[in-house]
Amino acid sequence: MFFKNDAQYLYILLDVLGCQVADGEEYFGIEVDVDRDKSVTPYTDTCFRVRHDLKGDLYRRLYTKPLVGGETRVLTTTSEMATGFGPSFNDTRRDHRIWELALNLEEIGADPTSWWGSDDRPPVVRMGLWVRSTPEEGGFVDEAPEGWRMAPPGRDFADLLEISLATQPKFPETLIGPVFLGVGFETTAPTIAAAIISARDKGLHNFFVFSAHKLIPPALSALLATEGSSIDGLILPGHVSVIIGTGAYLRLVEDYHVPCAVAGFEPVDILQAVHVLVEQLEKKSAHLENCYPRAVTFDGNKKAQQVMETVFKKVDALWRGLGTIPRSGLCIRDEFSAYDAQKAFDVSLPQAEDPQGCICGDILTGKKTPPQCPLYRTVCTPVDPVGPCMVSSEGTCAAFYRYHTA
Ligand code: SF4
């Protein structure tokens with residue numbers, strides 16, 4: 001359960017890990033001691049509910065008696081609710097119920113115009129909560145998060161939990177703004193670099209980028225340089241090549257003497273790339289062929305390269321399954337550090353560990369094929385991937401899963 005507030009709403013995330021039935025009939029109730037007097041004040045204290053037979057609708061009532069029990073008819077409310085079912089950062093492996101609520105502060109007695117009460121204490125909201133499922137749903141037993149108390153019928157509000165509200169933003173106003181997650185390769189990096197330049201030119205001070213970009217040529221070099229690597233040839237990505245040009249791969253061919261073909265994305269493009277690689281292998285030659293000349297040139301897109309170079313600099317980066325590869329990532333240059341989320345905010349990310357049993361490194365270097373991984377098709381599938389090669393449809397294991405039927 002997570003809370004945040006601004007001056008209008010109290011936002012509540014109910015992450016119900018135990019509720020794993022997509023069309024289950026679970027429901028919840030929130031009760032609020034609006035005047036914070038630890039008793040049920042008729043026609044003042046309120047409750048919010050969602051019911052399995054009113055799925056998707058949040059409704060509000062006032063209590064009518066000095067104990068929990070009697071309630072008015074359903075009132076109009078400006079509070080809102082959204083329901084989801086899927087993984088969350090609390091549990092990425094299993095789908096479960098997620099409710100998101102925005103409770104209007106005025107409806108729960110937290111008047112933003114007078115944040116501080118007469119006792120000079122920050123504003124608090126007194127609440128109780130319960131979550132239930134119908135018995136036949138099974139597997140879901142929690143009735144309230146740890147530490148939470150609800151008032152059963154016939155009881156008062158003596159034991160509800162107090163939530164302190166924030167009266168001012170945690171960050172200065174100049175630090176409140178969107179953080180854009182910069183992921184991808186040379187394909188996406190230029191547009192994000194251009195966005196940063198545009199933000200600077202417009203004098204924006206509340207736009208941030210978390211750069212996690214990676215570069216293809218150093219990764220290919222690392223694959224080929226790995227001891228025991230068994231790669232006969234490389235189909236080079238057309239979209240990356242549009243930006244960096246075929247010239248960016250020449251070192252690769254010279255250093256490792258490996259056949260290379262830049263390919264487009266139509267089936268015939270891939271077939272042509274495979275054809276030229278086989279031809280090179282049969283002739284025992286190794287050079288670079290551009291099978292996507294309608295989009296890729298030798299020099300690539302110089303404007304995009306220049307924009308990237310202006311904003312980013314190369315840094316060592318960690319690749320799942322391959323380890324750290326020198327100068328294979330992009331970070332934001334000091335001149336643009338005002339837009340760098342990693343510098344603006346105190347963010348420390350845990351090191352991504354390679355999943356136990358996953359042999360992605362061996363698969364990427366051609367030492368093994370996906371069926372040789374003990375997790376392949378058993379616990380690792382495109383729907384529930386374990387390692388990085390199964391995550392995207394372009395991943396080796398995911399492609400093998402989809403197209404290799406033997
Ligand atoms: S099948 Fe899954 S766990 Fe095994 S190598 Fe591929 S991605 Fe990794």
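These legends accompany several views of one predicted model, starting with the whole chain and moving to close-ups. Residue numbers start from 1 along each chain as its sequence is written. Because this is a predicted model, local features need pLDDT of at least 70 and side-chain atom pairs count only at pLDDT 80 or more, while totals for chains, interfaces and linings use all residues.

**View 1. The whole protein, with nine helices and 17 strands.** Helices (H or I, at least four residues) and strands (E, at least two) are DSSP runs, numbered from the N terminus. The radius of gyration is 28 Å, well over the 22 Å that the globule rule gives for 406 residues, so the protein is more spread out than a compact globule. Here the radius is taken over C-alpha atoms, and the rule is 2.2 Å times the number of residues to the power 0.38. Along the principal axes, the C-alpha atoms fill a box of roughly 90 × 55 × 35 Å. Buried residues account for 32% of the 406; buried means that 20 or more other C-beta atoms, placed from the backbone, lie within 10 Å of the residue's own, exposed means 12 or fewer, and partly exposed is in between.

**View 2. An open sheet of three strands, in the order β13-β14-β15.** The pairing is parallel, and the edge strands, β13 (234-237) and β15 (288-290), each pair on one side only. Neighbouring strands are turned by 25° against each other on average, direction ignored. Strands count as paired if DSSP finds at least two bridges between them; four bridges join β13 to β14 (residues 260-263). Look for I235, which stands opposite A261 in β14.

**View 3. Helix α5 (residues 267-282) against the sheet.** This helix lies across β13, β14 and β15 and runs at about 170° to β14. Axes are lines fitted to C-alpha atoms, for helices over the stretch in contact, with angles from 0 to 180 degrees between N-to-C directions.

**View 4. Y11 in strand β2 (residues 9-16).** Is Y11 buried or partly exposed? Y11 is partly exposed, because 15 other C-beta atoms lie within 10 Å. Leaving aside residues up to four places away in sequence, Y11 touches F3, K4, N5, L101 and A102, where contact means C-beta atoms, placed from the backbone, within 7 Å.

**View 5. The ligand and the 14 residues that surround it.** The closest are C358, C373, C380, G387 and C397; a residue is near if its C-beta atom, placed from the backbone, lies within 6 Å. By class, the shell has 13 nonpolar, one polar and no charged residues. Ala, Val, Leu, Ile, Met, Phe, Trp, Tyr, Cys and Pro count as nonpolar, Asp, Glu, Lys and Arg as charged, and the others, Gly among them, as polar.

Key: Contact = placed C-beta atoms within 7 Å.
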